[in-house]
Amino acid sequence: MVPDISTGGRTHGLLAYLYGPGRRDEHTDPHLVASWMPELAPDPGRDPAATLKQLTDRLDLPVLALPKHRRPARHVWHCPVRTAPGDRHLTDAEWAEVARRIVHATGIAEEGDDKACRWIAVRHADDHVHLVATLVREDGRRPRRHQDGIRAQAECRKIEAEFGLQILNEGDRTAAQRPTSAERSKAERAGRTEAPRETLRERVRQAVAGAASEEEFFRRLAEAGLRVDKRLAPSGDILGYKVALPGDRNRDGEPIWFSGSKLAPDLSLPKIRQRLDSGLPEGDTSLTNHPGERVPRPARARREAAPVIEQAASVLSGDDDADAATQLIGVGELLDAVAQTSPASTRKELTEAARAFERATRSHIRAEHADNRALRSAARGIIRAGNALGKGEDGGATAMLLSTMVLVAIAAARWHSARGHAQQTAAAQQAAQHLRAAYRAAATTPMNAMREHGRRLPEPTRQRYTDTLEATLPQHADHVLREPGWDALAATLDQAERAGQDPDVLLQQAIAWRELDTADSVTDVLVWRLRRLGNLPAATDSPRAQRNPRTSQQRPPSPKSQAPEAAVRTNPSAARSPRARR
């Protein structure tokens, strides 16, 4: 159950919307379910003789009783309350109880207070009700509604438990402010898919990702097409900033500005400055542009980011909360960088992952005196490398990076869960789901090529790799040999051997890097770790063009053994190890 409080200045305009057909004729049977005094509140929805003007006048009476100079400019309090998708539909009587409890909890009309504000509850849909009040009490005073949003949320948690509804996650006041109902309505009228506040928040986050300086941050904002207004001190120093979308204007034709702190708590200029300076000792220039500096290719930038992400996942498994909080900020920045440079095949899922994970980067645990320079540097490298292709080495390197990002999102969810951060846990879990979908899209082509290569390996070679796996990873061997990625893992070991490396040693290094229990697919994680540790291509060549020197030095098979060998080439299932077939 979600309350959404806002204030306005036009009682009649709001009532006309609530009792009207809606913007898409979605309002059905609008009527009152509760009010401050039923005998004094006319219901235009059910009483043919009642009018909107009558209801407006009754609600506004305490406001109009004040001298004009004492009337509040925004005297209308509006609080839609909506049940979660999947919840049962409440009856009018139940919605009436919800309304009375929320106006009591928020200080609008406490139970037993006959001088409280006037209020009504209008229902025009199955899943929500609108509470409307005027913010002048019968005695002419203003209501005490300090932190009414927090108190409404707390009351909703109690109502959910008592009514058998879904119990939503409690907040900790570190979330970004959601768009108001008015902002969402305006966005719908303008044909936007989201409110300007949300678009601006995402673009500002992307501008921060990997930025080396304040100047670069503001340059990126301008390049993203945003209007930027800097607040300057008399000395010329920048004190703050605000941004607006081109074309988003108020009634007077002026741009609608949002300061960074209004977009999200960590997007104020002081917070951004802390991030730009985070972990950089005096004189350190690792994130600074240097003349003639070589710009990395997208594939290389992604490969270099993978071990940095795995190291962040290791920190999240440790006991240093401040360091972990810092790593979460860096992971969010890196995810923003990957999302805005990803190919079309993965961009939608990665954009959603970045939006979800943004909530997981903030909590009350302060990220002080910790270093996320490696993550910020990796984000910068990805931004500077530019957009990646969805195929070839770029596609394989993207899959390599996303494989590790799934692990760090899972680690973030566990870290937040252990500390009681319900909303952040849910956000990290949601991000992990989007990252899994993006990984599947990126990994399909390179993994299929590796599987084909693995199926074509001679049976003695496959058996040798099976023995290696059983000796190195005995607790997971049976499971790994049954996974669809086993052929790709065998192909990767074969390529490492052909490159002059010891498969046994390389596999031990990959396993020792970090635990595998949280992996959705152990073989996929091992494939990409082996390719990164062994400096192998992320996208394999055609299997027909590859020969393993160790295998090719074996004596030619006798005529009697050629038939089974031919069967291996024509029947891929016959190439699997005996253990994998069981």
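**Helix H14, an aromatic cluster and the cysteines of a predicted model**

Helix H14, formed by residues 392–418, comprises 27 residues, and a rise of 1.5 Å a residue gives an expected span of 39 Å; the C-alpha atoms at its two ends lie 40 Å apart, which agrees with that expectation. The model in which this helix is found is a predicted one. Of the 27 residues of H14, 22 are buried, and the helix is accordingly described as mostly covered. After H14 comes Gly-420, a residue with a positive phi near 75 degrees.

The protein chain as a whole contains 23 helices and nine strands. It has 582 residues, of which 53% are classed as buried. Among the contacts in the chain with a separation of 6 or more, 73% are made by residues 24 or more positions apart. The accessible surface of the protein chain amounts to about 27500 Å², and carbon and sulfur atoms contribute 49% of this area.

Aromatic side chains were examined next. A pair of aromatic rings is described by the distance of the centres and the angle of the planes. Three aromatic pairs are present in the structure. In one of them, Phe-217 and Tyr-241 meet edge-to-face, with 5.6 Å from centre to centre and 85 degrees between the planes. This pair connects distant parts of the chain, since Phe-217 belongs to helix H7 (residues 214–223) and Tyr-241 to strand E8 (residues 238–244), the two residues being 24 positions apart. Phe-217 has a relative accessible area of 0% and is therefore buried. Tyr-241 is also counted as buried, because its relative accessibility is 6%, a value under the 20% limit.

Tyr-241 takes part in a further pair, with Phe-218: the ring centres are 5.9 Å apart and the planes stand at 80 degrees, so this pair too is edge-to-face. Because Phe-218 is located in helix H7 and Tyr-241 in strand E8, the pair ties together parts of the chain that are 23 residues apart in sequence. Phe-218 and Tyr-241 are both buried. Through such ring pairs, Phe-217, Phe-218 and Tyr-241 are linked into a cluster. The ring of Phe-218 has an additional neighbour in Lys-230, whose charged end sits over this ring at 4.6 Å from the ring centre.

The cysteines were considered separately. A disulfide is a covalent bond between the sulfur atoms of two cysteines. With a limit of 2.5 Å between cysteine sulfur atoms, the number of disulfides is zero. Cys-156 thus takes part in no disulfide, because the nearest cysteine sulfur, which belongs to Cys-79, lies 7.1 Å away and the cut-off requires a pair within 2.5 Å. Cys-156 is buried, as its relative accessibility is 0%. Cys-117 likewise counts as buried, with a relative accessibility of 2%.

A final point concerns helix H11, which spans residues 321–340 and includes Ala-322. At a relative accessibility of 25%, Ala-322 is classed as partly exposed, because this class lies between the limits of 20% and 50%. Ala-322 and Asp-371 are separated by 49 residues in sequence, while their C-alpha atoms are 9.7 Å apart in space.

Technical notes
Residues are numbered from 1 along each chain as its sequence is written. This is a predicted model: local features need pLDDT of at least 70, side-chain atom pairs count only at pLDDT 80 or more; totals for chains, interfaces and linings use all residues. Side-chain values use heavy atoms; hydrogens and water are left out. Buried means under 20% relative accessible area, exposed over 50%, partly exposed in between (1.4 Å probe, protein chains only). Helices (H or I, at least four residues) and strands (E, at least two) are DSSP runs, numbered from the N terminus. Contact means heavy atoms within 4.5 Å. Accessible areas come from the Shrake-Rupley method with a 1.4 Å probe; for residues, only the protein chains shown count as cover. Rings of Phe, Tyr and Trp (its six-membered ring) pair if their centres lie within 6.5 Å; planes under 30 degrees apart count as stacked, over 60 as edge-to-face and the rest as tilted. A charge sits over a ring if NZ of Lys or CZ of Arg is within 6 Å of the ring centre and within 35 degrees of the ring normal. The expected span of a helix is 1.5 Å times one less than its number of residues.
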